[in-house]
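Q: I'm new to reading protein models, and I'd like a close look at one part of this one. Could you walk me through how a pair of helices packs together, and what sits around them?

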Amino acid sequence: MRKRATILVLLLLGAHLNLTALVPAAAGQGPPPWWVGGGLLWPFFLDTATLLSEGGLRDVMTPILGIGAAVCLLLAAGALLGWVVPRAWFRGLVVAGAVMSIVLQVVWISGWAVLPLAVDLALLWATIRPAHTGAPRRVSAT
């Protein structure tokens, strides 16, 4: 139950962090106040030296990756809770959402990308690694 709650919080946090790409802080604005999370919870700034120059491909990729990652992570939360989305889709949705998020964070790489990347890696680790059941391993008689 605790692991499930932790994964749910990570999924919702990951969706939030990706949606903030749709409304980056203005150039020279600085991070929001600390009581609303500062740059940790709002990691996108227009004056960030991104891998892609402003306009063109970056402006097309940002909303596609941000919305795509957020939708996948929110659908994964629905699958985790058994709401609307089949539970069998959970792993695929988490992987798709985390990969889109990682690409988005790499394009907008800055010191503020640490938390979103950590959330993505934690989600991938929690969903891809084989489950530890604690049961003894079978030894084949040879």
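A: Let's start with a term we'll need: a residue counts as buried when its relative accessible area is under 20%, as exposed when that value is over 50%, and as partly exposed in between. Keep in mind, too, that this is a predicted model.

Now for the pair. Two packed helices are described by the angle between their axes and the distance between the axes. Here the two are helix α4, residues 90–107, and helix α5, residues 114–128. Their axes come within 9 Å and cross at roughly 155 degrees. Angles over 145 degrees count as roughly antiparallel, so α4 is roughly antiparallel to α5. As for handedness, the α4 and α5 crossing is left-handed.

Who does the touching? From α4, the contact is made by Phe90, Arg91, Val94, Val95, Ala98, Ser101, Ile102 and Gln105. Facing them from α5 are Pro116, Leu117, Asp120, Leu121, Leu123, Leu124, Thr127 and Ile128. Sort these by class and you get 11 nonpolar, three polar and two charged residues.

Next, a neighbour of this part: alanine 69, which belongs to helix α3, residues 57–81. Its relative accessibility is 0%, so alanine 69 counts as buried. Beyond residues within four places in sequence, alanine 69 is in contact with Asn18, Gly97, Met100 and Ser101. You've met Ser101 already, since α4 also uses Ser101 in its contact with α5. Alanine 69 and leucine 93 are 24 residues apart along the chain, and 8.9 Å separates their C-alpha atoms.

For a contrast, try arginine 4 in helix α1, residues 2–19. At 34% relative accessibility, arginine 4 counts as partly exposed. Setting aside neighbours within four places in sequence, its contacts are Leu80, Leu81 and Arg87. The C-alpha atoms of arginine 4 and alanine 126 are 10.0 Å apart, though the two positions lie 122 residues apart along the chain count.

Finally, how confident is the predictor? The protein has a mean pLDDT of 82, with 77% of its residues at 70 or more. Confidence is highest in α4, at 94, and lowest in helix α2, residues 38–41, at a mean of 68. Over residues 133–140 the pLDDT is below 50, and that stretch has zero contacts in the model beyond near neighbours in sequence. Where pLDDT is low, the predicted coordinates should not be read in detail.

Technical notes
Residues numbered from 1 in each chain as written. Predicted model: local features only at pLDDT ≥ 70, side-chain atom pairs only at ≥ 80, totals over all residues. Heavy atoms only, no water. Axes fitted to C-alpha atoms, helices over the stretch in contact; angles between N-to-C directions. Helix = DSSP H or I, 4+ residues; strand = E, 2+ residues; numbered from the N terminus. Parallel < 35°, antiparallel > 145°, perpendicular 65-115°, else oblique. Left-handed = near helix turned anticlockwise from the far one by under 90°. Contact = heavy atoms within 4.5 Å. Nonpolar A, V, L, I, M, F, W, Y, C, P; charged D, E, K, R; others polar. Buried < 20%, exposed > 50% of the residue type's maximum accessible area, 1.4 Å probe, protein only. pLDDT = per-residue confidence, 0-100.
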